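This report describes the fold of one protein chain, for use at the bench. It goes from a single residue to the elements around it, and then to the central strands.

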Amino acid sequence: MAQESGAFQEEAKRTRVVLVDDHALFRRGLRRLLEYRDIEIVGEASHGRAAVQLASELRPDVIVMDLSMPLMSGVEAIERIVAADPAARILVLTITVEDNEVLDALLAGACGYLLKDARAEDVAAGVQAALAGDSMISPRIAGRLVARLRETGRSRAQPERELEVDLTTREVDVLKLIACGKENSAIAQELYISPKTVKNHVASILEKLAIENRIQAAVVAVKSGLV
């Protein structure tokens with residue numbers, strides 16, 4: 001019985017994922033890649049409209065979504081899914097970082113992005129990061145995101161507002177560097193502290209601000225005038 005119970009618990013821990021991409025061949029390869037790493041694929045969709053429906057019906061742990069698709073784009077699908085379920089975890093898996101749709105997807109509520117030529121280990125790690133409410137996002141994209149937020153704020157003439165929670169001086173330093181697209185290792189080097197200490201500061205920042213990932217932290221930093 002103990003073995004059966006343990007097997008049941010192991011099965012229950014498997015991450016449930018929906019794949020959204022208009023190329024069936026790519027979905028097939030991605031399914032094999034993730035299933036090999038004990039991630040369960042509970043559904044597939046070839047366009048954004050079907051993705052919205054599957055998200056509502058299946059309530060997956062994570063949705064892995066392309067951006068350029070027929071009938072409804074990935075960005076619009078993300079907006080609709082997040083509007084219906086703010087806790088939805090969506091990882092963008094796209095072909096380029098140059099398209100502004102990547103930034104639009106992040107602002108719409110995606111947990112992060114990866115390129116389609118990413119290593120299998122990185123894709124699996126991206127799924128697990130999304131599940132944990134974290135984000136896998138490159139410094140390059142984070143920097144562009146901050147620039148976009150600044151432009152948006154200026155165009156709407158929105159006044160800067162102070163943070164509504166008390167962060168320590170060190171936490172503010174870390175938050176500023178997060179908003180500039182720095183990874184934990186780079187933050188550690190710049191502030192002369194250990195990566196583990198940075199990780200602890202990041203966790204504290206997210207908890208105090210009641211947010212879930214670094215992308216949202218960057219948004220808060222920009223809107224508060226920290227960067």
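## Ala217 and its surroundings

Ala217 lies in helix α11, which covers residues 214–223. The model is a predicted one. Ala217 has a relative accessibility of 0% and therefore counts as buried. Apart from neighbours within four places in sequence, Ala217 is in contact with Leu175, Ile178, Leu206 and Ile211. Ile205 is 12 residues away from Ala217 along the chain, and the C-alpha atoms of the two are separated by 8.1 Å.

Helix α11 is also a packing partner of helix α9. The buried residues of α9 (residues 184–191) are Ile187, Ala188 and Leu191. They cover an arc of only 100° around the axis, so they sit on the same side of α9. The buried residues of α9 pack against α8 (169–179), α10 (195–209) and α11. Just after α9 comes Tyr192, with a positive phi of about 60°.

## The chain as a whole

The protein chain holds 11 helices and 5 strands. Of its 227 residues, 43% are buried. Among contacts with a separation of 6 or more, 66% are between residues 24 or more positions apart. The accessible surface of the chain is about 12,100 Å², and carbon and sulfur atoms account for 50% of that area.

## Strands β3, β4 and β5

Is strand β4 enclosed or open to the outside? In β4 (residues 90–94), 5 of the 5 residues are buried, so the strand is largely enclosed by the rest of the structure. Both faces of β4 are covered, with Ile90, Val92 and Thr94 buried on one side and Leu91 and Leu93 buried on the other.

Strand β3 (residues 62–65) is likewise covered on both faces: Val62 and Val64 are buried on one side, and Ile63 and Met65 on the other.

The parallel pairings that involve these strands are listed below.

| Strand pair | Bridges | A residue pair across the strands |
|---|---|---|
| β1 and β3 | 4 bridges, parallel | Leu19 with Val64 |
| β3 and β4 | 3 bridges, parallel | Ile63 with Ile90 |
| β4 and β5 | 4 bridges, parallel | Leu93 with Leu114 |

Strand β5 spans residues 112–115. Between β3 and β4, Met65 also has a bridge partner, Val92 in β4. How does the chain get from β3 to β4, and which hand does the crossover have? The chain passes from β3 through helix α4 (residues 74–84) to β4, and this β-α-β crossover is right-handed.

## Helix α2

Helix α2 (residues 24–36) has 13 residues, which should span 18 Å at 1.5 Å a residue; its end C-alpha atoms are 18 Å apart, so the two values agree. Its buried residues are Arg27, Leu30 and Leu34. Viewed down the axis of α2, the buried residues fall within an arc of 65° and therefore line one face of the helix. Leu25, Arg32 and Tyr36, on the other side of α2, are exposed.

What do the buried residues of α2 pack against? Their partners are β1 (16–20), β2 (40–45), β3, β4 and α6 (120–131). The strands β3 and β4 described above are thus named again here as packing partners of α2.

## Positive phi outside glycine

Asp38 follows α2 and is found in the loop between α2 and β2. Its phi is positive, at about 65°, although Asp38 is not a glycine. With a relative accessibility of 38%, Asp38 counts as partly exposed.

Arg59 is another residue other than glycine with a positive phi, near 50°. Arg59 is placed in the loop between α3 (48–58) and β3. At 46% relative accessibility, Arg59 counts as partly exposed because the partly exposed range runs between the buried limit of 20% and the exposed limit of 50%.

Note on methods: Residues numbered from 1 in each chain as written. Predicted model: local features only at pLDDT ≥ 70, side-chain atom pairs only at ≥ 80, totals over all residues. Heavy atoms only, no water. Helix = DSSP H or I, 4+ residues; strand = E, 2+ residues; numbered from the N terminus. Buried < 20%, exposed > 50% of the residue type's maximum accessible area, 1.4 Å probe, protein only. Contact = heavy atoms within 4.5 Å. Areas by Shrake-Rupley, 256 points an atom, 1.4 Å probe, with all protein chains shown as cover. Arc of directions from axis to C-beta. Pairing = 2+ DSSP bridges. Right-handed = clockwise from strand over helix to strand, strands pointing away. Expected span 1.5 Å × (residues − 1).
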